[in-house]
Amino acid sequence: REFASLQWNNQLADVNLKKVKDETRPTLAVTGNLYYINPTTRLLPKSNTFLAPFLIGLNASWDVSTLFHHQTHLAEARLQKQSLVNHQLALKDQVTTEVNQAYQRYQSASRKLELLQTAVRKAEENERITEVKFKNNLATTTERIDAETLLINARTQLEIARSEAMGYYYQLLYASGNIQSLL
């Protein structure tokens, strides 16, 4: 949205720059007038006694005072244009930085997700081994409960990491401009 606004302001600055340059040039105007003169009191005279004079004029003018103020106005217009260009470059840098940060957060969340998936597989294997030991009376109830607790904890952390990764993914899509804000 802000890029579109800057683009319109940039076009407006171009028009303003052309306007300032055009102020120093002379202007030329062509005018024309046609009159109908009826010397009688009737609307339509009995004979051809009406006149239809016409005037054509050419007007050239040049405002000399603009020559003295031209450089100031031109400098202001150029400064406004350069300010818009600088703002546009800064905004591009900001968007690039935001996209890069969002991408880094998403990559970090993806790596964390892979690690937690490995942790869940190991916790499932540990719980399976502990269950077999418990059935053979080689493990206590506490060890069995600890193994189940570790498995539940690993699965919970995995689901939390999935939701975080999904959030970072949508932040990346938003920062790159592929989706609009839902708020």
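**Notebook: contacts, cores and pairs in a predicted model**

I began at alanine 161, which touches Leu113 and Leu116 when residues up to four places away in sequence are not counted; contact here means heavy atoms within 4.5 Å. Before going on I noted that this is a predicted model, in which local features need pLDDT of at least 70 and side-chain atom pairs count only at pLDDT 80 or more, while totals for chains, interfaces and linings use all residues. I also noted that residues are numbered from 1 along each chain as its sequence is written, and that side-chain values use heavy atoms, with hydrogens and water left out.

**Entry: the core**

I then looked up the largest nonpolar core and found 10 residues in it, namely Ala109, Leu113, Leu116, Val120, Ala123, Leu151, Ala154, Leu158, Ala161 and Ala165. Such a core is a set of buried Ala, Val, Leu, Ile, Met, Phe, Trp, Tyr and Cys residues joined through side-chain atoms within 4.5 Å, and buried means under 20% relative accessible area, exposed over 50%, and partly exposed in between (1.4 Å probe, protein chains only). Helices α2 and α3 each supply at least two residues of this core; I take helices (H or I, at least four residues) and strands (E, at least two) as DSSP runs, numbered from the N terminus. In soluble globular proteins, nonpolar side chains tend to be buried together.

**Entry: threonine 130**

Is threonine 130, in helix α2, buried or exposed? I found threonine 130 buried, with a relative accessible area of 8%. Leaving aside neighbours within four places in sequence, I list Ala139, Glu143, Arg144 and Ala147 as the contacts of threonine 130.

**Entry: salt bridges**

I searched the whole structure for salt bridges and found nine, a salt bridge being a side-chain nitrogen of Lys or Arg within 4 Å of a carboxyl oxygen of Asp or Glu. Arginine 144 and glutamate 127 meet in one of them, at 3.7 Å from N to O. This pair links distant parts of the chain, with arginine 144 in helix α3 (residues 141-175) and glutamate 127 in helix α2 (residues 65-135), 17 residues apart. I recorded both arginine 144 and glutamate 127 as buried.

Another bridge joins lysine 135 to glutamate 131, whose closest N and O atoms are 3.5 Å apart. Both residues lie in helix α2, four residues apart, which is about one turn of the helix. Lysine 135 counts as exposed at 61% relative accessibility, whereas glutamate 131 is partly exposed, with a relative accessible area of 24%. Following shared partners, I found that salt bridges join Glu127, Arg144 and Glu148 into one network.

I also noted the bridge between arginine 25 and aspartate 22, with the closest N and O atoms 2.4 Å apart; aspartate 22 is partly exposed, with a relative accessible area of 44%.

**Entry: asparagine 137**

I looked at asparagine 137 for its backbone, since phi is positive there, about 60°, although the residue is not a glycine. Most residues other than glycine have a negative phi. Asparagine 137 sits in the loop between α2 and α3 and counts as exposed at 69% relative accessibility.

**Entry: aromatic pairs**

How many aromatic pairs does a search of the whole structure find? I found two, where rings of Phe, Tyr and Trp (its six-membered ring) pair if their centres lie within 6.5 Å, and planes under 30 degrees apart count as stacked, over 60 as edge-to-face and the rest as tilted. Tyrosine 106 and tyrosine 169 form a tilted pair, 5.5 Å centre to centre with 50° between the planes. That pair links distant parts of the chain, tyrosine 106 being in helix α2 and tyrosine 169 in helix α3, 63 residues apart. I have tyrosine 106 as partly exposed at 24% relative accessibility and tyrosine 169 as partly exposed at 31%.

Tyrosine 169 also pairs with tyrosine 170, edge-to-face, at 5.7 Å centre to centre and 65° between the planes. Tyrosine 170 is partly exposed, with a relative accessible area of 43%. Ring pairs thus link Tyr106, Tyr169 and Tyr170 into a cluster.
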